[in-house]
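Biologist: Got a minute to walk me through this one? I'd like to talk about the loops and a helix.

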Amino acid sequence: MRIHFTCLLLLIACATPSILAEETFRTDTSEDEKLPWYQTEPGQFPPEGSAHYFAGELVGKDHVHRTGTIRVSRTDKQRRSHWDLPIDFRLLPYGSLAYHGSPATLKDIPIGTHLHGLWYVKDEGEETKSLFYNRKSIEADFTKVFRLVDDFTYYQEKNRLWQVENVDLKEMKLQLVGQAEGEDKPTVIALDLTPATRVYLGKQIASLKDIEPGQKVLFNLTWATLYGVGRCTDLWLDEESRQIAQAQQLAQHRLHQKDRGLAGIIDAVDNQKRILTVTLFGGIDAGLFDDLKPKSTAQVCVSEPTLQIYDQVNDKKGGPILSVDPIEKQPGSSGIQVRVQTSLLLEGYRPGRIVRIFPSGWPIVALPEEETLWPERD
């Protein structure tokens with residue numbers, strides 16, 4: 001019996017570290033609220049499920065530095081005195097956005113758009129400002145953005161369309177019903193329509209009079225949770241109109257990426273052979289990776305965490321692409337690793353640093369000066 005008991009103790013001892021490892025940080029589904037939230041580490045991708053969700057409205061942005069301000073949506077967890085308080089944010093280097101169902105940048109998303117976000121806590125020692133009589137949002141500690149998406153994208157990714165139940169153009173109310181997978185019963189919401197609500201039907205710009213019961217729709221909101229669910233800024237009445245909106249944003253995204261290169265993090269540097277091993281960030285159109293072909297060439301520019309470059313026309317070194325390999329896909333990672341042999345190693349080619357890669361055939365053009373790092377030298 002003593003042997004069996006000893007073996008049992010060994011099994012428990014071996015199992016304990018793995019159990020503890022699974023409970024080292026808090027998540028939205030955690031039962032232990034005393035656990036700390038996950039703190040992101042430079043040069044590392046975060047673990048699955050470690051981000052915190054909340055929504056809000058984009059009320060300010062600096063698209064060049066990938067920063068902005070969001071007014072947090074009201075929830076039952078907030079005191080009335082702490083409603084509608086804003087927080088400043090910055091996008092993580094691998095942080096991404098989506099708009100109209102396609103990848104996007106901050107400049108694509110209008111001020112006033114209601115967004116759903118995945119967030120990480122601020123860095124240790126980072127202060128958050130208080131305002132309006134020393135009040136802070138209950139989400140004030142979450143300043144690092146992993147992902148932001150509009151209502152269109154949020155519900156599309158959940159395979160959730162809303163059906164028009166009733167439209168009252170006298171009261172300017174739109175009643176919708178929707179049921180997501182796993183929900184016990186459908187949800188009924190009422191949106192505010194305005195004379196400025198943009199309505200799309202097929203290839204046409206429609207009007208409020210084209211809204212009919214039974215239509216399956218997606219929408220974008222502003223003033224969300226201030227006076228009910230929110231004001232409807234855009235309404236797509238059919239699948240064709242949604243596909244057109246998605247295709248237009250996708251084209252804008254591809255143009256933006258080809259002008260600025262594919263961002264990624266350096267995993268390793270072979271100093272003797274001048275080989276960079278880079279994991280590309282996710283959140284972009286996967287079709288763009290098809291332009292990275294072994295035995296072709298690529299140019300590599302050093303980037304800052306804001307993804308800005310000093311002068312991409314002149315500050316680049318290139319050479320043959322040795323390999324393009326699939327790797328384990330982590331949050332923030334594309335799951336694509338590239339090895340490029342450059343003609344010369346630049347100072348910024350170091351493990352943990354960020355670069356942008358231009359596949360062969362992508363024109364490297366001079367960006368508008370406000371997007372570069374040069375003005376910030378003065």
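Modeller: Ground rules, then: helices (H or I, at least four residues) and strands (E, at least two) are DSSP runs, numbered from the N terminus. This is a predicted model, where local features need pLDDT of at least 70, side-chain atom pairs count only at pLDDT 80 or more, and totals for chains, interfaces and linings use all residues. Residues are numbered from 1 along each chain as its sequence is written, and side-chain values use heavy atoms, with hydrogens and water left out.

Biologist: Okay, is D84 buried, partly exposed or exposed?

Modeller: D84 is found in the loop between β2 (67-72) and β3 (86-99). Buried means under 20% relative accessible area, exposed over 50%, and partly exposed in between (1.4 Å probe, protein chains only). D84 has 21% relative accessibility, so it counts as partly exposed.

Biologist: What phi does N159 take?

Modeller: N159 is found in the loop between α2 (151-157) and β7 (162-168). At 61% relative accessibility, N159 counts as exposed. Its phi is positive in a residue other than glycine, near 55°.

Biologist: Over what arc do the buried residues of α3 spread?

Modeller: In α3, the buried ones are S241, R242, A245, Q249, H253, H256, Q257 and R260. They sit on the same side of α3, because they cover an arc (taken from the directions from the helix axis to the C-beta atoms) of only 140°.

Biologist: And which residues are exposed on the other side of α3?

Modeller: An α-helix has 3.6 residues a turn, so residues three or four places apart point the same way. On the other side of α3, the exposed ones are Q248 and L255.
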